[in-house]
Amino acid sequence: DMLEAALAAGIASAGGEVLLGGVLPTPAAPLLIGRYGFDLGVVISASHNPYADNGIKFFGPDGFKLTDEAEEAIEARLDETPEAGRTGLGRVRALHGTLEDYVRELHTRFAALDLSGVDVVIDCANGSTYKAAPEIFRRLGATPTVLADAPDGRNINDRCGSTHLDALAQVVRDGGHDLGFAFDGDGDRVLAVDRTGATVDGDELIALIALHLRAAGRLPGDGVAVTVMTNYGFHGAMEQAGVGVAITGVGDRYVLEALREKGWALGGEQSGHIIDMGFVPSGDGIASALL
């Protein structure tokens with residue numbers, strides 16, 4: 001709340017109009033930018049880290065994170081002398097209904113997915129997916145058991161979520177559930193465990209998604225972008241399936257650059273940061289889990 005108030009005050013003092021969207025997964029920002037035609041989207045998040053590591057992510061009007069050049073230009077302006085006599089003052093208001101906007105977009109995207117009878121455990125990392133993830137799984141017919149869904153601003157990613165899978169694995173295994181998904185604090189990553197409690201990492205999830213979309217004729221360019229950290233087994237599986245692979249440096253920014261350059265839609269990292277350009281130009285843990 002403190003960071004939100006400071007950021008909103010700064011934008012308003014420079015004449016900007018601020019709409020507060022509440023607690024939402026990071027990928028909701030580019031979705032809302034597109035839906036309402038905003039000039040900028042801002043997410044306050046520690047991502048997959050402890051709360052004290054909170055930072056700020058900026059998305060441009062096209063829904064993509066700001067480029068290095070844009071960020072450097074902004075930083076350069078911070079060193080300039082403020083314009084004398086500037087009188088523009090903005091406003092700060094609440095933007096209501098954002099959670100439903102995001103969940104509705106997910107529901108529209110995965111309307112054909114019937115999860116009736118699926119017994120799934122969801123670990124929300126005491127973070128931003130704590131409302132959206134259980135809701136969309138229920139709407140699609142699943143029976144979710146939800147863990148770490150009581151964020152207090154300090155317990156995010158604390159022995160839970162995609163960076164701490166032990167609790168999820170034990171609940172899935174001991175409870176006889178079908179599978180489990182763990183999101184990170186800001187909801188742009190997901191890892192999974194199978195019914196035995198074994199970890200299914202980002203490489204395996206991307207492979208499953210790529211093979212599924214390729215078989216359905218829904219993998220643009222029949223290619224996928226991954227980083228240099230991706231394991232050799234992934235490359236062997238893609239070669240066998242006739243799926244092209246682009247290799248990038250580590251970081252979702254570089255995966256995204258490769259996808260835009262090649263006109264492909266699917267890419268990601270071993271960490272579970274998976275991008276489906278057909279939905280949103282950002283990692284989306286919930287959408288990846290549904291895929």
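1. In this predicted model, a convenient place to start is the pairing of Ile 275, whose bridge partner in strand 14 is Gly 283. The two strands concerned, strand 13 (residues 274-276) and strand 14, pair in the antiparallel sense, and 2 bridges join them.

2. These strands belong to an open sheet of 5 strands, in which the order is 11-10-12-13-14 and the pairing is mixed. At the edges of this sheet stand strand 11 (244-248) and strand 14 (280-283), each of which pairs on one side only. Averaged over the sheet, and with direction ignored, neighbouring strands are turned by 15° against each other.

3. Helix 7 should be read together with this sheet, since the helix lies across strand 10 (223-227), strand 12 (266-268) and strand 13, and runs at about 175° to strand 12.

4. The largest nonpolar core of the model has 43 residues, and those with the most contacts inside this core are Phe 137, Leu 266 and Ile 286. The element that gives the most to the core is helix 7 (residues 202-215), with 6 residues. As general background, nonpolar side chains in soluble globular proteins tend to be buried together.

5. Phe 137 deserves a closer look in the viewer. Leaving aside residues up to four places away in sequence, Phe 137 touches Leu 115, Val 120, Ile 122, Ala 142, Pro 144, Phe 181, Ala 289 and Leu 290. Two of the residues in that list, Val 120 and Pro 144, are also bridge partners, with Pro 144 lying in strand 6.

6. Strand 5 and strand 6 (residues 143-147) run parallel and are joined by 5 bridges. Of the 5 residues of strand 5 (residues 119-123), 4 are buried, so this strand is largely enclosed by the rest of the structure.

7. A further point concerns the packing of two helices. The axes of helix 2 (residues 28-36) and helix 4 (residues 98-109) come within 10 Å and cross at roughly 95°; angles from 65 to 115 degrees count as roughly perpendicular, and helix 2 and helix 4 are therefore described in that way. On the side of helix 2 the contact is made by Ala 28, Leu 31, Leu 32, Arg 35 and Tyr 36, while helix 4 contributes Thr 98, Asp 101, Tyr 102, Arg 104 and Glu 105. By class, the residues of this contact divide into 5 nonpolar, 1 polar and 4 charged.

How values were computed
Residues are numbered from 1 along each chain as its sequence is written. This is a predicted model: local features need pLDDT of at least 70, side-chain atom pairs count only at pLDDT 80 or more; totals for chains, interfaces and linings use all residues. Side-chain values use heavy atoms; hydrogens and water are left out. Axes are lines fitted to C-alpha atoms, for helices over the stretch in contact, and angles run from 0 to 180 degrees between N-to-C directions. Angles under 35 degrees count as roughly parallel, over 145 as roughly antiparallel, 65 to 115 as roughly perpendicular and the rest as oblique. Contact means heavy atoms within 4.5 Å. Ala, Val, Leu, Ile, Met, Phe, Trp, Tyr, Cys and Pro count as nonpolar, Asp, Glu, Lys and Arg as charged, and the others, Gly among them, as polar. A nonpolar core is a set of buried Ala, Val, Leu, Ile, Met, Phe, Trp, Tyr and Cys residues joined through side-chain atoms within 4.5 Å. Buried means under 20% relative accessible area, exposed over 50%, partly exposed in between (1.4 Å probe, protein chains only). Two strands pair if DSSP finds at least two bridges between them.
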